[in-house]
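Biologist: Hey, got a minute to walk me through this one? Pull it up and start wherever you like.

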Amino acid sequence: MEIVIAPDEQAAANVVADVFEQHLRSGPTVLGLATGSSPLRTYAELIRRHREEGLSFAQAGAFLLDEYVGLPRSHPESYFSVIRREFTDHVDLDPDRVHSPHGEAEDVAAEAIAYDRAIAEAGGVDVQLLGIGTDGHIGFNEPISSLTSRTRVKTLTEQTRKDNARFFSSQEEVPRHVLTQGLGTIGEARHVVLVATGAAKAAAVAAMVEGPLAALSPASSLQLHPHATIVVDEAAATALNLADYYRFALAHKPSWQQF
Ligand code: GLP
């Protein structure tokens, strides 16, 4: 794991955008996209680079992490709609190449298997963007998710439904079930970049980076990943015991070494 402690949210977003740009400029790229509020500044920065600096997504495809079960794609809070509104409609990414699990599929179990197959057929994800839930979930892999899980249906915790109620008119409206890439699926991405900002994420970040590898802290599965970049702001870094070491390592990062 490489831990990058950025001074603030915008600086964190700029680092993540740099990682995306590095991949996009190296050739055709399969992007792994996340929803939630954590990646929004990154998406805004990538849109800016597209408009002002010619960063192109024309050779890219994309796979979303997850989707609510039973929410129509036309619903403004379906992740199908959110990713288009917040990001992909504003860059030159072919809309037909922006994939997400069908939350309204008649057979959601078959849909999950088909989704994993589609990712594999696209050659796998080159760079996967992640946020983290306050309970340590990535995608919608809630605590005690199998560390080798594949895309499947999960039941949300009440904590996550409460956290996500701000996007709906009430907590009651937040679906109870979701389709999410599994921890094993996410772990197959060649480069994983997780962004976390704000004090509410500090405990989950510390458990992910410095806690034991444990299904109770799903993001700790990234400890097994050969190329994981964790980008946090100061507020999200406050519970890290080895923060000084991470700062030292970043300050002395060899000039030839990319993120
Ligand atoms: C959501 C998403 C995750 C996201 C997390 C944190 O429910 N399924 O992909 O990373 O919870 O959300 P936020 O970034 O809004 O704090």
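Modeller: Sure. Let's start with β6, which is covered on both faces: Val127 and Leu129 are buried on one side, Gln128 and Leu130 on the other. Bear in mind that this is a predicted model.

Biologist: Why would neighbours end up on opposite sides like that?

Modeller: Because in a regular strand the side chains alternate between the two faces of the sheet.

Biologist: OK, and which strands does β6 pair with, and over how many bridges?

Modeller: With β2 there are 2 bridges, in the parallel sense. With β9, residues 191-196, there are 4 bridges, parallel again.

Biologist: Which residues face each other across those?

Modeller: Glycine 32 has glutamine 128 in β6 as its bridge partner. Leucine 130 has leucine 194 in β9.

Biologist: Now zoom out. What's the strand order in the sheet?

Modeller: It's an open sheet of 7 strands, paired parallel, in the order β1-β10-β9-β6-β2-β3-β5. The edges are β1 (2-6) and β5 (98-99), each of which pairs on one side only.

Biologist: And how does β2 connect to β3?

Modeller: Strand β2 (residues 30-33) runs parallel to β3, with 4 bridges joining them. Valine 30, for instance, stands opposite glycine 61 in β3.

Biologist: Switching to aromatics. How many pairs are there?

Modeller: The count is 8 aromatic pairs. One of them is phenylalanine 63 with tyrosine 115, which is edge-to-face, with 5.8 Å between the centres and 70° between the planes.

Biologist: Where do those two sit in the fold?

Modeller: Phenylalanine 63 is in strand β3 (residues 61-64) and tyrosine 115 is in helix α4 (residues 108-121), so the pair ties together parts that are 52 residues apart in sequence.

Biologist: Are they buried or exposed?

Modeller: Phenylalanine 63 is buried, at 3% relative accessible area. Tyrosine 115 counts as buried too, at 4%.

Biologist: Got another pair for me?

Modeller: Tyrosine 68 and phenylalanine 140. That pair is tilted, 5.6 Å centre to centre with 50° between the planes. Tyrosine 68 lies in strand β4 (residues 66-68) and phenylalanine 140 in the loop between β6 (127-130) and β7 (152-155), so the pair ties together parts 72 residues apart in sequence. Both tyrosine 68 and phenylalanine 140 are buried.

Biologist: Which rings are in the cluster with them?

Modeller: Ring pairs link Tyr68, Tyr79, Phe140 and Phe168 into a cluster.

Biologist: What about a charge over a ring, where's that?

Modeller: Look at arginine 84. Its charged end sits over the ring of phenylalanine 80, 3.7 Å from the centre.

Biologist: Speaking of charges, how many salt bridges?

Modeller: The count comes to 16. Take arginine 49 and glutamate 45, whose side chains meet at 2.7 Å, N to O. They are 4 residues apart in helix α2 (residues 40-53), so about one helical turn separates them. Arginine 49 and glutamate 45 are both buried.

Biologist: Which other residues are in a network with them?

Modeller: The network of salt bridges links Asp18, Glu21, Arg25, Glu45, Arg48, Arg49, Glu52 and Glu53.

Biologist: Show me one that reaches further along the chain.

Modeller: Try glutamate 188 and arginine 150, which meet in a salt bridge at 2.9 Å, N to O. Glutamate 188 lies in the loop between α6 (183-187) and β9, and arginine 150 in the loop between β6 and β7, so parts 38 residues apart in sequence are tied together. Arginine 150 counts as partly exposed, at 34% relative accessibility.

Biologist: Anything odd in the backbone there?

Modeller: Isoleucine 144 is also in the loop between β6 and β7. Its phi is near 70°, a positive value in a residue other than glycine. Most residues other than glycine have a negative phi. Isoleucine 144 counts as exposed, at 63% relative accessibility.

Biologist: Last one: which residues make the nonpolar surface patch?

Modeller: Leu242, Tyr245 and Phe248 make it, with an area of about 350 Å². Phenylalanine 248 belongs to helix α8 (residues 243-251).

Key:
Residues are numbered from 1 along each chain as its sequence is written. This is a predicted model: local features need pLDDT of at least 70, side-chain atom pairs count only at pLDDT 80 or more; totals for chains, interfaces and linings use all residues. Side-chain values use heavy atoms; hydrogens and water are left out. Patches are made of residues with over 30% relative accessible area and no salt bridge: like charges are joined within 9 Å, nonpolar side chains (Val, Leu, Ile, Met, Phe, Trp, Tyr) within 5 Å. Accessible areas come from the Shrake-Rupley method with a 1.4 Å probe; for residues, only the protein chains shown count as cover. A salt bridge is a side-chain nitrogen of Lys or Arg within 4 Å of a carboxyl oxygen of Asp or Glu. Rings of Phe, Tyr and Trp (its six-membered ring) pair if their centres lie within 6.5 Å; planes under 30 degrees apart count as stacked, over 60 as edge-to-face and the rest as tilted. Buried means under 20% relative accessible area, exposed over 50%, partly exposed in between (1.4 Å probe, protein chains only). A charge sits over a ring if NZ of Lys or CZ of Arg is within 6 Å of the ring centre and within 35 degrees of the ring normal. Two strands pair if DSSP finds at least two bridges between them.
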